[in-house]
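Here is a brief report on one protein model. Please look over the sequence and the structure before reading on.

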Amino acid sequence: MSPPADDRRVARSVRPAPAPTRPALKVRYELRRTELVEAAAGVFADRGYDSTPMSELATQIGLAAGGIYHYFAGKEQLLIAICDQLVDPLLARARELVAEDRPPDARLRVLVRVWVSYVVRHRDHMLVFQQERHAIELGDQWRGVRRARKDFERLVAGVLADAAPHLDRRIALSALLGMVNHTAQWFDPDGRLDSDAVADGYVDLVLGAARRPA
């Protein structure tokens, strides 16, 4: 779906201001930009990306009309920033964990714990990512997002192969991706299970299947 006409007109006429070069101002600029991405993720998760024009988004997050364009050229650039804010830190942390010396089962368990915790803490980002995945699969502008997602999936697949070598690698990865990413749809932070308990349940399912007799 194309962006609303008012979004297209403003995007053509306004360009984001360059990031300040002075250290104190740059820190403030980046902090504000990060806050805007988080706020936009909440609005898009609640109202839908396609159905929320930039003018309404600005109103919802308390900015003057056109204020977002000080930081982003348009709504698509903002969506890319939401995806980057979701995937990039998770990938970096996962690489650190995999490099640590642990038995295969323990490596899988700690990785899935961090993954589930991240999905829960970034629920809005995850919901927006899932809603707009059809768009993310196409276009050069999404190349970085796709690459980071594929790198993370390959990392998880490698950890799974070490911990559960007898499982079909593709089926095991698809099952784990589906379970963990879908957690954003149902997890209740005030519920009976915390994120570690949910993660352990997912790992127990995978490892339990790996240990059953053929």
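The text below goes from the overall fold to one helix, then to an aromatic pair and a glutamine.

**Overall fold**

This is a predicted model. The protein has 10 helices and 0 strands. Along the sequence, the pattern reads α-α-α-α-α-α-α-α-α-α. The protein has 214 residues, and 40% of them count as buried. About 11700 Å² of the protein is exposed. Carbon and sulfur atoms supply 53% of that area. Take the contacts in the protein with a separation of 6 or more: 70% of them come from residues 24 or more positions apart.

**Helix α8**

Helix α8 covers residues 143–163, which makes 21 residues. From first C-alpha to last, α8 reaches 30 Å. That is close to the 30 Å expected at 1.5 Å a residue. Several apolar residues of α8 are buried, among them Val145, Phe152, Leu155, Val156, Val159 and Leu160. Ala148, Ala157 and Ala163 are buried too. The buried set also includes Arg146, Arg149 and Glu153.

**An aromatic pair**

The structure holds 3 aromatic pairs. One of them joins phenylalanine 44 and tyrosine 49, with ring centres 5.1 Å apart. Why is this pair edge-to-face? The planes of the two rings stand at 80 degrees, and planes over 60 degrees apart count as edge-to-face. Tyrosine 49 has a further partner: lysine 75 lies over the face of its ring, at 4.6 Å from the ring centre.

**Glutamine 85**

Glutamine 85 lies in helix α4, which spans residues 75–99. Which side chain does the side chain of glutamine 85 meet in a polar contact? The partner is the side chain of histidine 125, at 2.5 Å. Leaving aside neighbours within four places in sequence, glutamine 85 is in contact with Thr34, Val37, Glu38, Tyr118 and His125.

**Burial of the named residues**

Is glutamine 85 buried or exposed? Its relative accessibility is 16%, so glutamine 85 counts as buried. The cut-off for buried is under 20% relative accessible area. Both rings of the aromatic pair belong to buried residues as well: phenylalanine 44 and tyrosine 49. The values are set out here.

| Residue | Relative accessible area | Class |
|---|---|---|
| Phenylalanine 44 | 0% | buried |
| Tyrosine 49 | 9% | buried |
| Glutamine 85 | 16% | buried |

Key
Residues numbered from 1 in each chain as written. Heavy atoms only, no water. Helix = DSSP H or I, 4+ residues; strand = E, 2+ residues; numbered from the N terminus. Expected span 1.5 Å × (residues − 1). Buried < 20%, exposed > 50% of the residue type's maximum accessible area, 1.4 Å probe, protein only. Phe/Tyr/Trp six-rings, centres within 6.5 Å; stacked < 30°, edge-to-face > 60°. Lys NZ or Arg CZ within 6 Å of the ring centre and 35° of its normal. Polar contact = N/O pair within 3.5 Å; in protein donor to acceptor, adjacent residues only side chain to side chain. Contact = heavy atoms within 4.5 Å. Areas by Shrake-Rupley, 256 points an atom, 1.4 Å probe, with all protein chains shown as cover.
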